[in-house]
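Please open the structure in your viewer and keep the sequence panel beside it, so that each stop on this tour can be selected in turn.

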Amino acid sequence: MEQELEVKRNIGRFAAFTVLLIPFVYTFENAAIGPALGVISQAFPGASLVQVQYVMNIPFITVIPVSIIAGNWLVYHFDKRKIVIIGLFIYAISGFAPGFVNDINTLLLLRVLTGIGAGLVMPVPNMMISEIWGGVTREKRLGIATSVQCISSMSISIIAGFVAALSWRYVFYCFIIILVIAIISLIGLPKFPAPSKEEVLARKTNQVKVHIPPRVWIYGALMCGNWVLWSFPILNIAIYGEKFNITGGALGILMALFALFSIPAAAFYSQEKKVLKRFLPTVAVACYGAGFLIFFFANNYAVMVVGALFCALGSSSMNPHIFDLTARACASDLRAREISFGIVTPCIALGGLIAPLIQAGIGAISGNTSIESLFFVTAIALFVFAVILIFTTKERVKEAH
């Protein structure tokens, strides 16, 4: 009986493998393009720093609205299998194509198209997992999906670092990997038919007004800020590292360490929370500040690795904490919780999208647009914020189960 509750739908091993393979493309954007920003900057000397940074982040312009449409409308009208396959092929082709262009504006336009493909894919796999598995089995499969995402981020960063040393164009050729995943999905992904018109109508008829706690919007703003901070080193390390002759495979490994350091830190979030209690956000923000200060004083590869460690500790603590706060805000209302996560989760992409603009704004206000200045100003601001959190963060009452 327990097994029947945990397995909602019987599918073959290859089909299950295919479903769990799709999260490999989640962080492909940052992992593939981040290590190449330095050589892309050299390839387009007339481009501004913001333009170069948006080579990595501009897909978020379309990822955000398309993922919302896909997760809230398309899945109720079309087979999820078709949505994912179409999205993967758009993702792959538009990701591969910039390797053949010769001007920055055309490259940016193609990257916007890449966001359409990514937006179609991203909200669907977790829905598929929930339809196939339940209970403990679902939790394990979601864990596997997260592991696949982390493995992708690390491996692709290393590969991109090595191939970027040969040519910036080769980095975009790495998107052939997504084409391979698209072909595998075409062969192995099972059908996930859209609900019938009767089911959709019944769902609309039975809908009741849902109350979203106002603080959910604050959590969304915090998530956005968290990913602005996470984007700062990812956007700048490739260019900043050139000062210390950190290029090629060494740069790729450095970029991969951000993801590697995040895995154990996120895995032990619950234990960290028990120890630090209400001071967890303060410690996380202080770790971020320490990471940026270390980058400011960095003079070699080893010091930059330590900076990456502290930034990873800050992000991997804040990310699950914000999601935990979101869940607690709607502990007694499942539908409100789903909507709240739908508000907070897209703020991850929003943070990545606005990070270059925030960086430009910091440079304009401080009168210094250097990367060193960005790291220093951000570190000081974070330490001040950490002190404020000591006196303003309160222990929240644990929700009843």
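What covers the buried residues of α21? Keep that question in mind as you select residues 371–392, which form helix α21 in this predicted model. The helix has 22 residues and reaches 31 Å from its first C-alpha to its last, which is close to the 32 Å expected at 1.5 Å a residue. Now colour I371, S373, L374, F375, T378, A379, L382, A386 and L389, since these are the residues of α21 that are buried. An α-helix has 3.6 residues a turn, so residues three or four places apart point the same way. To answer the opening question, show α14 (215–240), α17 and α20 (346–366) as well, for the cover over the buried residues of α21 includes these helices.

Next, stay with α17, residues 280–297, and add helix α18, residues 301–329. The two helices pack at an angle of about 155°, and their axes are 8 Å apart. Because an angle over 145 degrees counts as roughly antiparallel, α17 and α18 are described as roughly antiparallel to each other. Their crossing is left-handed, and the contact of α17 with α18 has 17 nonpolar and 6 polar residues but no charged ones.

A second helix pair is worth selecting now: helix α7, residues 80–96, and helix α12, residues 176–188. Their axes come within 8 Å and cross at roughly 160°, and α7 and α12 are therefore roughly antiparallel to each other. Turn the view until you look across the pair, where α7 passes α12 in a left-handed crossing. On the α7 side, the contact is made by R81, I85, L88, F89, Y91, A92 and F96, while α12 contributes I176, I178, L179, I181, A182, I183, S185 and L186. By class, the residues of this contact of α7 with α12 divide into 13 nonpolar, 1 polar and 1 charged.

From here, move to single residues, beginning with T62, which you will find in helix α6, residues 60–72. Is T62 buried or exposed? T62 has a relative accessible area of 13%, and because buried means under 20%, T62 counts as buried. If you leave aside the neighbours of T62 within four places in sequence, the residues in contact with T62 are V112, G115 and I116.

Then select L222, which lies in helix α14, one of the helices in the cover over α21. L222 is partly exposed, with a relative accessible area of 33%. Draw a distance from the C-alpha atom of L222 to that of I362, and you should read 18 Å between two residues that are 140 apart along the chain.

The last stops are in loops, and they concern the backbone angle phi. Most residues other than glycine have a negative phi. Select N245, in the loop between α14 and α15 (248–267), where phi is positive at about 60° although N245 is not a glycine. N245 is exposed, with a relative accessible area of 66%. Finally, go to K277, in the loop between α16 (269–276) and α17. K277 is likewise a residue other than glycine with a positive phi, near 55°, and K277 is exposed, with a relative accessible area of 52%.

Notes: Residues numbered from 1 in each chain as written. Predicted model: local features only at pLDDT ≥ 70, side-chain atom pairs only at ≥ 80, totals over all residues. Heavy atoms only, no water. Axes fitted to C-alpha atoms, helices over the stretch in contact; angles between N-to-C directions. Helix = DSSP H or I, 4+ residues; strand = E, 2+ residues; numbered from the N terminus. Parallel < 35°, antiparallel > 145°, perpendicular 65-115°, else oblique. Left-handed = near helix turned anticlockwise from the far one by under 90°. Nonpolar A, V, L, I, M, F, W, Y, C, P; charged D, E, K, R; others polar. Expected span 1.5 Å × (residues − 1). Buried < 20%, exposed > 50% of the residue type's maximum accessible area, 1.4 Å probe, protein only. Contact = heavy atoms within 4.5 Å.
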